[in-house]
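Visitor: I'm new to this one. Can you take me through it?
Guide: Sure, here it is.

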Amino acid sequence: MDLSHTAAVGTERLSVETDTNAWLIGAALQAGAELNAAGGWSIVPSVSLAYLHQWVEGYEEQIGSASAVIGSHDAGLLRLRGNLELCHFGRQEGIVYTPSLKLGVVDDLASGGVATGAFSNGTTFELSLSSSDKLRALGGIGLEAQFANGSSARLAYEGEASKSSLAHALTLEVKLYW
């Protein structure tokens, strides 16, 4: 995976190029219930438990003429998630559309360990593979359309936030039947 981002070094902002190879495997269990109400409304509470494990072959980051290299490492985590989704089902000319709003919490229980690395000047460092701030708030919004032939389209945004992090995901899913 090659990534680019901007880093602040003092008051200067620099372009950063990264390169890494990794494997990620996971499994999850999810349980929930759809509670229907009048007028096409429904509330869907759900909980999930997932295990994720990654093996990183190494990581290199280049900032101008300086670089940092992190050696191979692996880490696992148990992710606990609970959310409540509010949906409204509507029908218009053969299309069932469902806007939704999601709120919840996510907590990661990491297996820990450290990754060792070095800067281009020879200075070595260690990075903790588990963070003490793992509890995050979850929020999302989505719209799904189901067509008479069984095809569907879904566009959804989901964000996670804590005191020290912010993550965003935008998902587009299209299922075609003919």
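Guide: What follows covers the fold first and then the pocket.

Guide: This is a predicted model: local features need pLDDT of at least 70, side-chain atom pairs count only at pLDDT 80 or more, and totals for chains, interfaces and linings use all residues. Residues are numbered from 1 along each chain as its sequence is written, and side-chain values use heavy atoms, with hydrogens and water left out.

Visitor: How many helices and strands are there in the protein chain?
Guide: The protein chain has zero helices and 13 strands, both being DSSP runs numbered from the N terminus (helices are H or I, at least four residues; strands are E, at least two).

Visitor: Is the chain a compact globule or more spread out?
Guide: More spread out, because its radius of gyration, taken over C-alpha atoms, is 21 Å, well over the 16 Å that the globule rule gives for 178 residues. That rule is 2.2 Å times the number of residues to the power 0.38.

Visitor: What box do the C-alpha atoms fill?
Guide: Roughly 65 × 35 × 30 Å, along the principal axes.

Visitor: Now the pocket. How much space lies in the largest one?
Guide: About 890 Å³, counted as the space filled by probe spheres set on grid points joined across faces, edges and corners. On a 1 Å grid over the protein atoms alone, a pocket is an open set of points where a 1.4 Å probe fits, with protein on both sides within 12 Å along at least five of seven lines; lining residues have an atom within 4 Å of a point.

Visitor: Which residues are closest to its centre?
Guide: Of the 27 lining residues, Gln-54, Leu-77, Arg-79, Asp-108 and Leu-129.

Visitor: Which strand gives the most to the lining?
Guide: Strand 6, with five residues.
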